[in-house]
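Please open the model in your viewer and keep the sequence beside it, so that each selection can be followed in both. Could you take the stops one at a time, in the order given?

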Amino acid sequence: MLANIVKERTGAKVRGIELSLLQRCGAHLASKTDIEESYASGKAAVENAVAGITDKMVGFECTREGGKYTCQTKLLNLTDVANTEKKVPLEWINKDHNGIEQGFIDYALPLIQGEPDLPKEDSLPRFAKLKKVLAK
């Protein structure tokens, strides 16, 4: 792994970072696609939970046919997805393992499209202010 090579050669502390880490730290920079898919997954999760469906996780079934990206929610069995990870295909990484190939760009580009229309105050995102209501 590249991180181990850097650590061995430099003595510097290194750690691998998941591709989703920056996304979680910069929710105010989410694309319109991110927001729409997040809303759809939350809606599907609530609807299925209210319907009594358990042991499922909301996932996505996406297509990129004819240059058009479409994505629909889909319920997945927890036993099929628990403790598994989906890795970035090696063919998306360049031969020197320090950059990406066109396949990754083709995959990721639809995911970062669209500028959301979000309220801001002083150029910062304005988040909802919730009232504390005790559940009975």
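What follows is a short tour of a predicted model, stop by stop.

Begin by selecting residues 56-65, which form strand β1, together with residues 68-77, which form strand β2; the two strands run antiparallel and are joined by ten bridges. Within this pairing, pick out Met57 and look across to β2, where its bridge partner is Leu76. Then move to the turn of the hairpin, where two residues lie between the strands and where Gly66 takes a positive phi near 60°.

Next, select residues 32-50, the helix α3, and highlight Glu37 within it. Which side chain of opposite charge is nearest to Glu37? It is Arg64, at 7.4 Å, and Glu37 is buried yet has no salt bridge. The side chain of Glu37 does, however, make a polar contact with the side chain of Tyr69, at 2.6 Å.

From there, go to the loop between α4 (78-81) and α5 (102-108), and select Ile100, which lies in that loop. Ile100 counts as partly exposed, because its relative accessibility is 46%. Add Ile105, Leu109 and Ile112 to the selection, and you will have the residues that, with Ile100, make a nonpolar surface patch of about 360 Å².

Finish with Lys129, found in the segment that comes after β4 (124-125). Is Lys129 buried or exposed? Lys129 is exposed, since its relative accessible area is 74%. If you also select Leu118, the C-alpha atoms of Lys129 and Leu118 are 15 Å apart in space, while the two residues are eleven apart in sequence.

Note on methods: Residues are numbered from 1 along each chain as its sequence is written. This is a predicted model: local features need pLDDT of at least 70, side-chain atom pairs count only at pLDDT 80 or more; totals for chains, interfaces and linings use all residues. Side-chain values use heavy atoms; hydrogens and water are left out. Patches are made of residues with over 30% relative accessible area and no salt bridge: like charges are joined within 9 Å, nonpolar side chains (Val, Leu, Ile, Met, Phe, Trp, Tyr) within 5 Å. Accessible areas come from the Shrake-Rupley method with a 1.4 Å probe; for residues, only the protein chains shown count as cover. A salt bridge is a side-chain nitrogen of Lys or Arg within 4 Å of a carboxyl oxygen of Asp or Glu. Helices (H or I, at least four residues) and strands (E, at least two) are DSSP runs, numbered from the N terminus. Buried means under 20% relative accessible area, exposed over 50%, partly exposed in between (1.4 Å probe, protein chains only). Two strands pair if DSSP finds at least two bridges between them. Lys and Arg count as positive and Asp and Glu as negative; His and the chain ends are not counted. A polar contact is a pair of N or O atoms within 3.5 Å; within protein, one must be able to donate a hydrogen and the other to accept it, and residues adjacent in sequence count only if both atoms are side-chain atoms.
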